[in-house]
Amino acid sequence: MTKTHFGFESVDEQEKARRVRGVFDSVAPRYDLMNDLMSMGLHRAWKAYTVMVANLAPGARVLDIAGGTGDLALAFAKKVGPTGVVVHTDINEAMLRTGRDRLIDAGIVLPTLACDAEKLPFADGSFDVVSVAFGLRNMTHKDAALAEMNRVLKDRGRLLVLEFSKVAKPLAKAYDWYSFNVLPKLGRMVAGDEASYRYLAESIRMHPGQEELKAMMHKSGFGHVDYHNLTGGVVALHAAIKV
Ligand SMILES: C[S@@+](CC[C@H](N)C(=O)[O-])C[C@H]1O[C@@H](n2cnc3c(N)ncnc32)[C@H](O)[C@@H]1O
């Protein structure tokens, strides 16, 4: 059995998928509140920046992978309008259901689909833009997922990966202290789940940094890849073109 990481632990690949599912089953009901508290609202600005870079035209076809509670899908749907399509997907049904309910409450009905990013159920060349926000880090075979994202994009289509990244050196000490002391406690108090927020802090440290992810995206078939650091590299937006 091949080993991989679940946070700082080394686990079997199947065990990782099972435990990631456990994390999101557990946090789904409090996910949005926790995002606001943990990032002090900054995740809204990071996502707004992603929507701006996506620069979607009315009528565009968009796939949001690991879409969770639907922040990006909702914002994209407003941009593509009634002639466009935004498909809201996630591997986790609890997250997807929470997102679908939020979208319906906002008056937006989108195709919502449970699927694994590593085996996407779409034909080649189906989308103008594919997005994945804070999802890639949790995937077992990131290279397979990136190759699938490339496959379902049209030629000259764009992939946007918003993800935690390597923070600038002067911020590192404070950021580590916050991640390993404050986050798990916040998780325990607000979501009743300390372990999932410890996994969050650990998984960020195990995720490839800006340049490493850029190289992985090139390897997965993207001709042009660029990234933008946000909040001192706490998060990076990688934008790639299928050429
Ligand atoms: C931190 S949440 C991000 C949700 C949302 N995109 C956001 O930015 O708020 C990560 C999501 O990745 C999903 N995920 C993990 N592994 C996945 C996979 N292999 N395929 C699709 N989604 C996956 C989880 O179920 C979870 O909903």
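Me: How many Å is a nitrogen atom of the ligand from a polar backbone atom of Ala-66?
Reply: Bear in mind that this is a predicted model. Ala-66 is among the residues that come nearest to the ligand. Its polar backbone atom and a nitrogen atom of the ligand are separated by 2.7 Å.

Me: Which residue has a backbone N or O atom 2.8 Å from a nitrogen atom of the ligand?
Reply: Look at the residues that come nearest to the ligand: Tyr-31, Ala-66, Asp-90, Ala-117 and Ala-133. The backbone N or O atom 2.8 Å from a ligand nitrogen belongs to one of these, Ala-133.

Me: What share of the ligand does the protein bury?
Reply: Start with the ligand taken alone, which exposes 600 Å². Put the protein back around it, and the buried part of that area comes to 95%.

Me: How do the residues of the shell around the ligand divide into nonpolar, polar and charged?
Reply: There are 19 residues around the ligand to sort. Going by class, they split into 10 nonpolar, 6 polar and 3 charged.

Me: Why is α2 roughly perpendicular to α3?
Reply: Helix α2 covers residues 31-39 and helix α3 covers residues 42-54, and their axes lie 7 Å apart. They pack at an angle of about 100°. Angles from 65 to 115 degrees count as roughly perpendicular, so that is what α2 is to α3: roughly perpendicular.

Me: Which residues of α3 make the contact with α2?
Reply: On the α2 side, the contact uses Asn-35, Asp-36 and Ser-39. By class, the whole contact has 2 nonpolar, 3 polar and 3 charged residues. One of those from α3 also has a polar side-chain atom 3.0 Å from a ligand oxygen, namely Lys-47. The full α3 set is Leu-42, His-43, Arg-44, Trp-46 and Lys-47.

Me: How many Å apart in space are Thr-2 and Lys-214?
Reply: Thr-2 sits in the segment before β1, and leaving aside residues up to four places away in sequence, it touches Val-11, Asp-12 and Glu-13. Along the sequence, Thr-2 and Lys-214 are 212 residues apart. From C-alpha to C-alpha, the distance in space is 25 Å.

Conventions
Residues numbered from 1 in each chain as written. Predicted model: local features only at pLDDT ≥ 70, side-chain atom pairs only at ≥ 80, totals over all residues. Heavy atoms only, no water. Near = heavy atom within 4 Å. Polar contact = N/O pair within 3.5 Å; in protein donor to acceptor, adjacent residues only side chain to side chain. Areas by Shrake-Rupley, 256 points an atom, 1.4 Å probe, with all protein chains shown as cover. Nonpolar A, V, L, I, M, F, W, Y, C, P; charged D, E, K, R; others polar. Axes fitted to C-alpha atoms, helices over the stretch in contact; angles between N-to-C directions. Helix = DSSP H or I, 4+ residues; strand = E, 2+ residues; numbered from the N terminus. Parallel < 35°, antiparallel > 145°, perpendicular 65-115°, else oblique. Contact = heavy atoms within 4.5 Å.
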